[in-house]
Amino acid sequence: MKINALLLLFFISLCSLAQPATEKDVVMSRLNYTDVMPEGLLSKRSIVLYDESISEKELEETQKAFQQTGIDAAAYIINDHVLAGPDPLRAFAAYLTNRGVDFLIFFEKEKDYSLTFVSYNNTRDLVDISAPAWKQTHNSLTEMLRMTYRF
């Protein structure tokens, strides 16, 4: 009996190794990172997709910095809510198109903070393959936002 239970646990753990990539990973894998801020970022509308680990205070600090920089972040949305599968992604793409959004900003916090700026392509794929993206990363949110302002 114990051997059967151990075998079952072993096979379950093997199955977990083959988990498919998340939609966010698929989108991010399409990007071609450059050192140049995307053309029109300061004059067109953006949507920020952020990780759930980011606090309300961090979002407020980011919004204030974006306002000073001239980035028009029209909405902040938890990325897991819109990148949860094909149906939410389709609805989200329609929302972006209807709102006239031109840029997506991915706001992540793992070991460091990072902001990834990329053009929205008006499809449910969100970005084109090899789409130019600009990324800023730092272990301090304030410093990362200052770096973004300087560019």
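In the predicted model, the buried residues of helix α6 pack against four elements, namely α3 (56-69), β4 (103-109), β5 (113-119) and β6 (131-138). Helix α6 spans residues 141-150, and its buried residues are L141, M144, L145 and T148. These residues lie on the same side of α6, because they cover an arc of only 95° around the axis. Y149 and R150, on the other side of α6, are exposed.

Packed helix pairs are described by the angle between the two axes and by the distance between them. For α3 and α6, the axes come within 10 Å and cross at roughly 15°. The two helices are therefore roughly parallel, an angle under 35 degrees being the criterion. The crossing in which α3 passes α6 is right-handed. On the α3 side, the contact involves E58, E61, T62, A65, F66, Q68 and T69, which meet L141, T142, L145, T148 and Y149 in α6. Among these α6 residues, L141, L145 and T148 are buried, whereas Y149 is exposed and sits on the other side of the helix.

Strand β6, one of the elements against which the buried residues of α6 pack, pairs with both β1 and β5. Strand β1 (residues 31-34) runs parallel to β6, and the pairing comprises four bridges. Within this pairing, N32 has P132 of β6 as its bridge partner. The pairing of β5 with β6 is antiparallel and comprises six bridges. Here F117 is bridged to W134 of β6. Strand β5 is likewise among the elements packed against the buried residues of α6.

The loop between β5 and β6 contains N122 and also S130. Most residues other than glycine have a negative phi. N122, however, has a positive phi, near 65°, and the phi of S130 is also positive, near 65°. Neither residue is glycine. With respect to solvent accessibility, N122 has a relative accessible area of 47% and is therefore partly exposed. S130 is also partly exposed, because its relative accessibility is 48%; the range for this class lies between the limit for buried residues, under 20%, and that for exposed residues, over 50%.

Note on methods: Residues are numbered from 1 along each chain as its sequence is written. This is a predicted model: local features need pLDDT of at least 70, side-chain atom pairs count only at pLDDT 80 or more; totals for chains, interfaces and linings use all residues. Side-chain values use heavy atoms; hydrogens and water are left out. Buried means under 20% relative accessible area, exposed over 50%, partly exposed in between (1.4 Å probe, protein chains only). The arc is that of the directions from the helix axis to the C-beta atoms. Contact means heavy atoms within 4.5 Å. Two strands pair if DSSP finds at least two bridges between them. Axes are lines fitted to C-alpha atoms, for helices over the stretch in contact, and angles run from 0 to 180 degrees between N-to-C directions. Angles under 35 degrees count as roughly parallel, over 145 as roughly antiparallel, 65 to 115 as roughly perpendicular and the rest as oblique. A crossing is left-handed if the near helix is turned anticlockwise from the far one by less than a right angle, and right-handed if clockwise.
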